[in-house]
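The following note sets out a few points on the structure for a colleague at the bench. It begins with a single residue and then turns to the fold as a whole.

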Amino acid sequence: MKAKVNEDCIGCGLCNSICPEVFTMTDEGFARACSDIPEKQDELVKEAADSCPVSAIEVEN
């Protein structure tokens, strides 16, 4: 699975609170997804994407 945070991110930090192993916050205050997502994090990544208030997280299998 791969995840990407697009330019619509508003920096709310919800994804980071749901799945801190994958999503971090940059110095600029926006979210970023790590490039290697452990398989055991798949469900939390999907939850973070579904919870994003601006749908800024793109998930690919």
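1. Asp 42 belongs to helix α2, which covers residues 42-51. The model under discussion is a predicted one, and the remarks below should be read accordingly.

2. Asp 42 merits attention for its charge. The residue is buried, yet it forms no salt bridge. The nearest side chain of opposite charge is that of Lys 46, 5.8 Å away, whereas a salt bridge requires a side-chain nitrogen of Lys or Arg within 4 Å of a carboxyl oxygen.

3. Which residues does Asp 42 touch, not counting those up to four places away in sequence? They are Met 1 and Ile 37.

4. The protein contains two helices and four strands. Their order along the sequence is β-α-β-β-α-β. The radius of gyration is 10 Å, close to the 10 Å given by the globule rule for 61 residues, so the protein is as compact as a globular protein of that length. The C-alpha trace spans about 30 × 20 × 15 Å along its principal axes.

5. On packing, 33% of the 61 residues count as buried. Of the contacts between residues at least 6 apart in sequence, 56% join residues at least 24 apart.

6. Regarding the surface, the protein exposes about 4,000 Å², and carbon and sulfur atoms supply 44% of that area.

7. The protein carries 5 positive and 13 negative charges, and the mean positions of these two sets are 5 Å apart. Asp 42, discussed above, is buried without a salt bridge.

Technical notes. Residues numbered from 1 in each chain as written. Predicted model: local features only at pLDDT ≥ 70, side-chain atom pairs only at ≥ 80, totals over all residues. Heavy atoms only, no water. Buried < 20%, exposed > 50% of the residue type's maximum accessible area, 1.4 Å probe, protein only. Lys, Arg positive; Asp, Glu negative; His and termini not counted. Contact = heavy atoms within 4.5 Å. Rg over C-alpha atoms; globule rule 2.2 N^0.38 Å. Areas by Shrake-Rupley, 256 points an atom, 1.4 Å probe, with all protein chains shown as cover. Charge placed at Lys NZ, Arg CZ, Asp CG, Glu CD.
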